Amino acid sequence: MAHTDSSRRQSSLRQDMRSRRRALSPAQVRAASRQIARHVLAAGRLKPGQRIAIYSARNGEVDPAPLARALLQRGCSLWLPRITSLRDARMIFAPAVQRRRINRLGIPEPDTCQRLAVHWMHIVLLPLVAFDASGNRLGQGAGFYDRALAFRLRRRNWRGPWLLGLAHRFQRCAPLRPGRYDVSLDAVATEDGLIRFPAESMR
């Protein structure tokens with residue numbers, strides 16, 4: 001019963017947050033995305049030559065494009081998710097500079113055979129529906145990122161790339177109940193600044 005109640009709350013939260021995101025005007029999304037990019041650049045974690053995983057924003061999500069432009073100027077390489085199995089929720093990352101196609105979910109992805117597993121990234125920028133004060137992330141529900149990052153749950157000394165969620169301030173929510181395979185974030189950037197979570201400070 002507790003699991004059912006938690007699932008219902010998360011479903012309701014997803015609907016509410018998606019509605020609030022879609023209600024944002026393009027100008028509001030652009031302004032928030034630029035402000036968030038400034039906070040991320042000021043954090044000191046981005047270095048020349050790093051491999052950075054980004055995403056294609058949609059439906060009012062924070063757009064990583066302003067940050068991506070600055071990262072290219074700093075000599076970073078940018079990578080986008082590419083779905084390899086929709087049924088098994090599996091994806092890899094491919095160079096963002098490649099020509100793009102629209103996948104079965106309606107999301108642009110690189111049209112190339114070149115690929116790289118996520119554990120080779122230095123930083124992964126993640127979209128999200130909601131997040132809480134402990135770094136738990138509520139995603140779209142398909143589990144692509146959690147499956148790709150599952151190795152972090154098995155490793156203690158090396159946890160792989162720094163996981164940074166990009167979110168509007170209103171996407172912060174009451175404590176979430178993470179699932180067994182949910183991977184938490186190291187930090188989240190909103191219009192108000194960068195939020196580092198307790199586990200991240202130990203790295």
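Begin this tour by selecting I107, which, leaving aside residues up to four places away in sequence, touches S56, R58, R101 and I102. The model on screen is a predicted one, and I107 sits in its loop between β4 (100-102) and β5 (108-110). If you keep I107 selected and add L72, the C-alpha to C-alpha separation comes to 22 Å, for two residues that are 35 apart in sequence.

Select next S56, one of the residues that I107 touches; S56 belongs to the loop between β1 (51-53) and α3 (65-73). Is S56 buried or exposed? Its relative accessible area is 16%, and because buried means under 20%, S56 counts as buried. Displaying the surroundings of S56 brings up its contacts with E61, L80, R100, I107 and P108, where residues up to four places away in sequence are again not counted.

Now turn to the surface and select R30, R34, R38 and R69, which together form a positive patch. Which helix gives the most to this positive patch? That helix is α2, spanning residues 26-42, which supplies three residues to the patch.

For the last stop, keep R30 alone in the selection: this member of the positive patch has its place in helix α2. R30 has a relative accessibility of 48% and counts as partly exposed, because that class covers the values between the limit for buried, under 20%, and the limit for exposed, over 50%.

Notes: Residues are numbered from 1 along each chain as its sequence is written. This is a predicted model: local features need pLDDT of at least 70, side-chain atom pairs count only at pLDDT 80 or more; totals for chains, interfaces and linings use all residues. Side-chain values use heavy atoms; hydrogens and water are left out. Patches are made of residues with over 30% relative accessible area and no salt bridge: like charges are joined within 9 Å, nonpolar side chains (Val, Leu, Ile, Met, Phe, Trp, Tyr) within 5 Å. Accessible areas come from the Shrake-Rupley method with a 1.4 Å probe; for residues, only the protein chains shown count as cover. A salt bridge is a side-chain nitrogen of Lys or Arg within 4 Å of a carboxyl oxygen of Asp or Glu. Lys and Arg count as positive and Asp and Glu as negative; His and the chain ends are not counted. The place of a charge is taken as NZ of Lys, CZ of Arg, CG of Asp or CD of Glu. Helices (H or I, at least four residues) and strands (E, at least two) are DSSP runs, numbered from the N terminus. Buried means under 20% relative accessible area, exposed over 50%, partly exposed in between (1.4 Å probe, protein chains only). Contact means heavy atoms within 4.5 Å.
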